[in-house]
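Thanks for making time this morning. I would like to walk you through one model, beginning inside it and then moving out to where its chains meet.

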Amino acid sequence: MLRIRKNNQQRDDNSFFPRWKRQIHYAWQNVYNDFRQHAIASLLTIIVIAISITLPTIGYLLWKNANQAAHQWYPTPNLTVYINKTLNQKDTDNLIKQITQFPEVERVNYLSRDETLQEFKLWSGFSEALELLDENPLPAVAIIMPKDEAKQTAILHAIQTEIVKLKGVDDVRLDDSWFTRLTTFTDMVKTIVWTISIFMMIAVALVIGNSIRLAIFSRRQTIIVMQLIGATDGFILRPFLYSGMFNGFISAILALILSEIFIFRIDAIILNVSSVFGTIFNLEGLNWDESLFIILIATMIGWLSALLATKKYLNMPHIN
Amino acid sequence: MIRFKRVSKAYSGGRPALQNIDFHLNKGEMAFLTGHSGAGKSTLLRLICGLERANDGQVILNGHDVSQLKKQDIPFLRRNIGMIFQDHQLLMDHTIYDNVAIPLIILGKPLEEIRRRVSAALDKVGLIDKMKFYPIQLSGGEQQRVGIARAIVNRPMVLLADEPTGNLDDKLSKDILKLFEELNQTGVTVLMATHNLGLIRRKHRRILNLNQGRLTGDRHAED
């Protein structure tokens, strides 16, 4: 039994997979040794990268929470349809049915003329004044609740113009001033966050690329010797690529921790502020998907910038 | 094993380094390459291991035309060649053991095999007890022997040595030369460049003499 295993082992010695595994192990060992030898410099690099990742992450969190607050605090915009007073019951029913059939409409709240009168009396406090009139001055109204995906200024305006054209409709009012302002505001925050993110990604790529370039430069002699004794470019590249990936990965994790600390600190303040305003608002941190995404992106940027830096170096004629 | 067919090499700038070189070194042969500094000895060796490309002619190593090899195939060519340099080309931040182990690490050999073969190579050059030292702690002759151990650890077919005794005194040079002869007896083809004629005078070996880039003498061992 033992003998068979030993034979197998010997046969495996130079086959592709174990060889590959050993070379990868060697490369990681190289990364580890390098990190240990230049611990301070490596840590500084990682902190710089981590901060570069933290800033857009915090920006993203602010946008996400602002967006959430917008939906939580402000009532959804709805359209009020004023129906012509001369319309009879049957035509009104038809009209309501017609409006309900719009694909963007979630549901329609119909209030007859009597109901609007009741409501007006209840809310306005002018009930006595209304008694003086011969006739009910209020029209029947239909309040349209748009579907979630239709809650955009442009779509709401489109529905408004469509419904105004219907027979028996006097007017359609859209109260969206708050909604428009809020949407523009969150859109602006989104644009700013995107711009910052792109700049910061470039910064991360440059920092990693630069640290790899320095590492290559300090290991120039080693690389030349490796090439002289028959190392392939891939073999020489591997430790640098791994070190780029490692830098990206560790920095992303550090950035996540920093953002969580930020959220934790700011949450108490927000809670304080919101309780003064009479509501409760909790900041939401990053969820698993978002954290994973940030880690993946950072690792990929690390790998890519290391690849660019090393490829460029290896393509230069430098063996003398 | 090594065959040059009308090989010429000029460096950029026009200075011809080698002109019309023609010779054939058989498998298992040992030869010296002599000539003044700048005669083209180093260039000739660099052509064999693909560090330079010939402008004209063919350099054939073990049936492969080196000057026609693709860039990505050159590392595999070098794995069959043991190169020894005048300035050793050791990794100063690695131990002697690590230095000798590098060719085997590149090949992805298992740790056990690396340990066995590195020990064997270091034993052969008499440095088995300095395994844990760093190159800086060794003398020039010892560093050169580390270079030799690294060159032979992968059992190459060809050993190329560029002035291996350049910085060593006579006693150490003789030791190194003796080491090469021992290796040659195990079947390795050896080509050693040297300007130290006194060292090789009494050796009945083939001598290729270069003068200003031309092969001016090819004295065979029988002569």
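Let me begin with Phe180(B), which, once its neighbours within four places in sequence are set aside, is in contact with Met30(B), Ile84(B), Ile148(B), Leu159(B), Ala161(B), Pro164(B), Val190(B) and Met192(B). Please keep in mind throughout that this is a predicted model.

Phe180(B) belongs to the largest nonpolar core, a set of 80 residues, and is listed with Val118(B), Leu122(B), Ile148(B) and Leu159(B) as having the most contacts inside it. The largest share of this core comes from chain A, where helix α10, residues 233-276, gives ten residues. Apart from that core lies another, of 35 residues, and among them are Leu18(B), Ala31(B), Leu61(B) and Leu160(B).

Now to the place where the two chains meet. Here 19 residues of chain B are in contact with 21 residues of chain A, and the area buried between them is about 2000 Å², with carbon and sulfur atoms giving 59% of that. On the side of chain B, the residues that lose the most area to chain A are Arg78(B), Gln89(B) and Ile106(B), which together make up 25% of what that side buries.

As for polar features, how many salt bridges cross the interface of chain B and chain A? The rule finds one, and in the salt bridge between Lys71(B) and Asp233(A) the side chains meet at 3.5 Å, N to O. Seven residue pairs are also found in polar contact across this interface, counting pairs with both residues at pLDDT 80 or more.

Finally, α3(B) gives the largest share of the side of chain B that touches chain A, namely four residues, and by class that side has eleven nonpolar, two polar and six charged residues.

Definitions and conventions: Residues numbered from 1 in each chain as written. Chains lettered and ligands numbered in written order. Predicted model: local features only at pLDDT ≥ 70, side-chain atom pairs only at ≥ 80, totals over all residues. Heavy atoms only, no water. Core = buried A, V, L, I, M, F, W, Y, C linked by side-chain atoms within 4.5 Å. Buried < 20%, exposed > 50% of the residue type's maximum accessible area, 1.4 Å probe, protein only. Helix = DSSP H or I, 4+ residues; strand = E, 2+ residues; numbered from the N terminus. Contact = heavy atoms within 4.5 Å. Buried area = accessible area lost by both parts, 1.4 Å probe. Salt bridge = Lys/Arg side-chain N within 4 Å of Asp/Glu carboxyl O. Polar contact = N/O pair within 3.5 Å; in protein donor to acceptor, adjacent residues only side chain to side chain. Nonpolar A, V, L, I, M, F, W, Y, C, P; charged D, E, K, R; others polar.
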